[in-house]
Amino acid sequence: MTALPQRIGVIGGGRMGAGIAHAFLMAGATVAVVEQNATAAAQARDRILDAVAGSVERGAVAPDPERLLVTVTWEALSGAGLVVEAVPELADLKREALRRAEDLLEPDAVLATNTSSLSVDALAEALERPGAFLGMHFFNPVPASALVEVVDGTATSPNALQAVTGWVRALGKTAVVVRDSPGFASSRLGVLLGLEAIRMVEEGVATPEDIDAAMTLGYKHPVGPLRLTDIVGLDVRLDIAEYLARELGPRFEPPALLRSMVAEGMLGRKAGRGFYLWPSEPR
Ligand SMILES: NC(=O)c1ccc[n+]([C@@H]2O[C@H](COP(=O)([O-])OP(=O)(O)OC[C@H]3O[C@@H](n4cnc5c(N)ncnc54)[C@H](O)[C@@H]3O)[C@@H](O)[C@H]2O)c1
């Protein structure tokens, strides 16, 4: 198995960055997380330590606290063999963060983005060494998700790709390699299934419960496509569908029912109602 680099950097310690930092810490690496200010750094640290405490409760060995640094000082990234960027999904913000990290890294270090939708090639334009750059699309919540989509940019070197797929395995996860393309593999297929399920509700083919049961019982999906749409958020799904319709064509055109539910505030679990009623607060 490929050994992880001894030192890992993570830019942005929010929901995903904290999960990524936790994964590398538990796998034995020393992790430096860079945040935008002291308040965000303190929150990121708490998030990571909570996740570590959860793992230890479940029987994992506690990592040496010295192996985690959460800081606002970007120089903490220097010496890392891999840096994963996990700042919000804004192309300019990501470009700036990636460029700043690249300046601090050795030429053989790998730089990755956790973007869930942006083009890896477009982000690579900001970089001097695009061969050492690729996408590492972790899923939420990171500890419970076995998959990492590794997004292979046009300029990504075979060495970087091979190293990263090995590191994903060292984390105990499975890597799928996807060419840089809209929606990668997961969103492209998952969103299409969700949109077709919504069209079936619209046409009165079956109830949401029965459509979901057809997929959970008949196809062994862990969650039906409409319940999953509620969990993700109908507004989030609408944004992705509009983007994929622009990039890939009309088969991703959002159904009228999705638009009207979003307009009425039926956004799914976070709003208490979507295709289902969600009476209690989400955990
Ligand atoms: N949330 C998900 O389900 C999910 C799943 C897969 C991928 N992603 C992707 O992961 C990335 C992060 O998403 P998230 O949900 O963790 O967001 P988030 O808002 O929870 O976290 C972003 C973090 O980045 C920090 N940040 C902002 N600007 C920064 C800067 N200039 N330098 C350093 N840190 C900065 C913020 O303080 C925050 O802690 C996005 O690209 C998103 O598309 C999200």
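1. Start with the sheet. Eight strands make up an open sheet, and their order is β3-β2-β1-β4-β5-β6-β7-β8. The pairing is mixed. At the edges sit β3 (68-71) and β8 (174-179), each of which pairs on one side only. From one strand to the next, the twist averages 25°. Bear in mind that this is a predicted model.

2. Next, the β6–β7 pair. Strand β6 covers residues 133-138 and strand β7 covers residues 147-152. They pair in the antiparallel sense, over four bridges. Two of the facing positions are worth locating on the model. H137 stands opposite E149 in β7. M136 has V150 of β7 as its bridge partner.

3. The loop between these two strands deserves a look. P141 is found there, between β6 and β7. The peptide bond joining N140 and P141 is cis, with omega about -5°. For context, most peptide bonds are trans. Please check this link on the model.

4. What is the sense of pairing between β7 and β8, and over how many bridges does it run? The sense is parallel, and there are six bridges. L147 faces T174 in β8. Strand β7 thus has an antiparallel partner in β6 and a parallel partner in β8. The edge strand here is β8, paired on one side only.

5. Now the other edge. Helix α2 (residues 38-57) lies across β2 (30-34) and β3. The helix runs at about 155° to β3. Strand β3 is itself an edge strand of the sheet.

6. On the records: UniProt, in an unreviewed entry, lists residues 8-180 as "domain: 3-hydroxyacyl-CoA dehydrogenase NAD binding". In the model this span is 37% helix and 23% strand. Its end C-alpha atoms lie 24 Å apart.

7. A second UniProt listing, also from an unreviewed entry, is "domain: 3-hydroxyacyl-CoA dehydrogenase C-terminal", at residues 183-277. Here the chain is 62% helix and 0% strand. The end C-alpha atoms of this span are 28 Å apart.

8. One backbone angle stands out for comment. F184 lies in the loop between β8 and α6 (186-202). Its phi is near 45°, a positive value in a residue other than glycine. Most residues other than glycine have a negative phi. The position falls in the span 183-277 that UniProt lists as the C-terminal domain.

9. Which residues does L257 touch, leaving aside those up to four places away in sequence? They are I198, V201, E202 and F275. L257 itself is found in helix α10 (residues 256-263). Its C-alpha atom is separated by 9.9 Å from that of L195, and the two residues are 62 apart along the chain.

10. Last, the surface. L228, I231, V232 and V236 form a nonpolar patch there. Together they have about 240 Å² of accessible area. Helix α8 (residues 225-232) gives the largest share of the patch, three residues. L228 is a residue of that helix.

Definitions and conventions: Residues are numbered from 1 along each chain as its sequence is written. This is a predicted model: local features need pLDDT of at least 70, side-chain atom pairs count only at pLDDT 80 or more; totals for chains, interfaces and linings use all residues. Side-chain values use heavy atoms; hydrogens and water are left out. UniProt positions are given in the numbering used here, feature names are shortened, and annotations may be inferred rather than shown by experiment. Two strands pair if DSSP finds at least two bridges between them. Axes are lines fitted to C-alpha atoms, for helices over the stretch in contact, and angles run from 0 to 180 degrees between N-to-C directions. Contact means heavy atoms within 4.5 Å. Patches are made of residues with over 30% relative accessible area and no salt bridge: like charges are joined within 9 Å, nonpolar side chains (Val, Leu, Ile, Met, Phe, Trp, Tyr) within 5 Å. Accessible areas come from the Shrake-Rupley method with a 1.4 Å probe; for residues, only the protein chains shown count as cover. A salt bridge is a side-chain nitrogen of Lys or Arg within 4 Å of a carboxyl oxygen of Asp or Glu.
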